[in-house]
Amino acid sequence: MMDSQYDFGMIGLGVMGSNLLLNMADHGFATIGFDLDDDKCVLLEANARPGTIVKGVNSLSTMVQALKIPRKILLLVPAGKPVDDVIESLLPLIEEGDIVIDGGNSFYLDTMRRVSYLDSRGIHFMGMGISGGEQGARLGASMMPGGNQQAFEAVKPMLEAVAAKSDGVPCFAYMGYGAAGHFVKMVHNGIEYAMMQIICEAYDILKRGGGYTNDELQLLFSKWNEGQLQSFLIEITASVFKNKDAETNEYLVDLILDKAGSKGTGKWTSQEALNLPVAIPSIDAAVAARIISGYKKERQKAAEIYQTQVAKIIISKESLAEAVEEALTFSFIIAYAQGLSMIAKASIELNMNIHLPAVIQVWKAGCIIRSGLLVHFAKVYEANNTLANLLLSTDIAALLKQYENNTRLVLTAAIGAKIPVAGFMSTLAYFDSYCSERLPTNLLQAQRDYFGAHTYQRIDKDGIFHSEWQE
Ligand code: 6PG
């Protein structure tokens, strides 16, 4: 191919970068990727389908020169310093009007800084959340771009082509100004943390409390995936229970150490929620649960000291499964509600102008938190796209009311059996607090005023009051 003939450039030919590029090439775009590692360049070209235009180069300037103007370049490199380093090496090579997209899991405040830095050089920098892992990148990912709207329109044809589709509609849409794309992806990951934690607690209740075997769990989760819980996370969980270790022939899940890793996006969601502020306790609980899982040695000691024993739950297996299914549905809805309420608040506070129906559309397929429940949320936000919280929708309320009793039943049983269910409990406590007209915060205000003269308001008259509490 001649110089300046490529439609799209990729920096970083790891699994995600190369798969996205191959996917784009399958849709008729001429693509070129850069990676210092020659093997990755060779592998990229080797994996290209016949008739598609895919080139791998180990020189950044060669790639940049080969791109049509305005250049469209996607970065898929690890978040943090590598993104800044790539930007610095790109700057002498690109020109005003070029578009640089960061498709990694970058922290949205870094993205804001990069947007204004590159804006001052006339370069459009966009932060784009991408979800779906390797398979998504190759077959259809969920993509959450934000930033300059004109730049968005310029890259739309290529990215829309590689997006997952839900009922034929691409899961690629403009999220909003500045770092909106990375903000939405951060919250997506926070919801992902909450859903995963809640699923793990359901597993614990069923396995240790209800005596379910891995085979039974596999069947149960598969059945759930056909109903109201239909979702990517339930689907892969069912499949996890099938896997056996080749070496020992044991179930692989039983051989995995109960200590979770994390890359920080869940933690950022909690931290930023506190800053806004907005309450997302299900996500906080999921972050904390991963941290506690890391205390393996301390947990072993404590289990010995307290002689912790999980009791069997005295409910028939079938009734327990039915109740857990409803508790999961209830809790999934509330985890989404918390995340979406955070986006709604941040959209205003951080001036990002995020359109919630677009967020729901993008999450409907391709991403980790895709689920059948999003169809209900789409209807809610289509009717009122500025709704502060999903819980305020009467349609969502009808669903939650349907599942509330069984949620309480499952949690009561789990607490009695000594099964840790922090994700579920935070979710229910959020629901109970959010739906309480009156909270005991009157007493808290009295305490604050007592020791710190922090003042309080009254329910019977306007104004700010302080009392001398001590006689
Ligand atoms: C996705 C995932 C993906 C990933 C994160 C979170 O949407 O494809 O969210 O981004 O799983 O890296 O990983 P941790 O669990 O390691 O924080």
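At 26% relative accessibility, Thr 455 counts as partly exposed, because partly exposed covers the range between under 20% and over 50%. The model is a predicted one. Thr 455 sits in the segment after α20. Its phi is near 65°, a positive value in a residue other than glycine.

Ala 453 also belongs to the segment after α20 (441-452). Ala 453 is not a glycine, yet its phi is positive, at about 50°. Is Ala 453 buried, exposed or partly exposed? Its relative accessible area is 43%, so Ala 453 is partly exposed.

**Cis peptide bonds**

Two peptide bonds leading into a proline deserve a look. The table places each one.

| Cis bond | Omega | Place of the proline |
|---|---|---|
| Ile 69 to Pro 70 | near -10° | loop between α3 (60-65) and β4 (72-75) |
| Leu 276 to Pro 277 | about -10° | loop between α12 (265-275) and α13 (281-293) |

**The whole chain**

Now step back to the overall fold. The protein chain has 20 helices and nine strands. Along its principal axes, the C-alpha trace spans about 80 × 65 × 45 Å. The radius of gyration is 25 Å. A compact globule of 471 residues would have one near 23 Å, so the chain agrees with that expectation.

How much of the chain is buried? Of its 471 residues, 52% count as buried. Contacts tell us about sequence distance. Take those between residues at least 6 apart in sequence: 69% of them join residues at least 24 apart.

On the outside, the chain exposes about 22,300 Å². Carbon and sulfur atoms supply 53% of that area. Charge comes next. There are 40 positive and 52 negative side chains. The centres of these two sets lie 2 Å apart.

**The nonpolar cores**

Which residues have the most contacts inside the largest nonpolar core? They are Leu 328 and Trp 363, in a core of 95 residues. Helix α15 (residues 317-349) gives the largest share of this core, 18 residues.

Trp 363 can be followed further. Leave aside its neighbours within four places in sequence. Trp 363 is then in contact with Ser 142, Met 144, Val 184, His 188 and Ile 191, among others. Its partners also include Leu 340, Ile 343, Ile 369, Arg 370 and Leu 374.

A second core is separate and has 33 residues. Among them are Leu 20, Ala 25, Ala 48 and Val 162.

Conventions: Residues are numbered from 1 along each chain as its sequence is written. This is a predicted model: local features need pLDDT of at least 70, side-chain atom pairs count only at pLDDT 80 or more; totals for chains, interfaces and linings use all residues. Side-chain values use heavy atoms; hydrogens and water are left out. A nonpolar core is a set of buried Ala, Val, Leu, Ile, Met, Phe, Trp, Tyr and Cys residues joined through side-chain atoms within 4.5 Å. Buried means under 20% relative accessible area, exposed over 50%, partly exposed in between (1.4 Å probe, protein chains only). Helices (H or I, at least four residues) and strands (E, at least two) are DSSP runs, numbered from the N terminus. Contact means heavy atoms within 4.5 Å. The radius of gyration is taken over C-alpha atoms; the globule rule is 2.2 Å times the number of residues to the power 0.38. Accessible areas come from the Shrake-Rupley method with a 1.4 Å probe; for residues, only the protein chains shown count as cover. Lys and Arg count as positive and Asp and Glu as negative; His and the chain ends are not counted. The place of a charge is taken as NZ of Lys, CZ of Arg, CG of Asp or CD of Glu.
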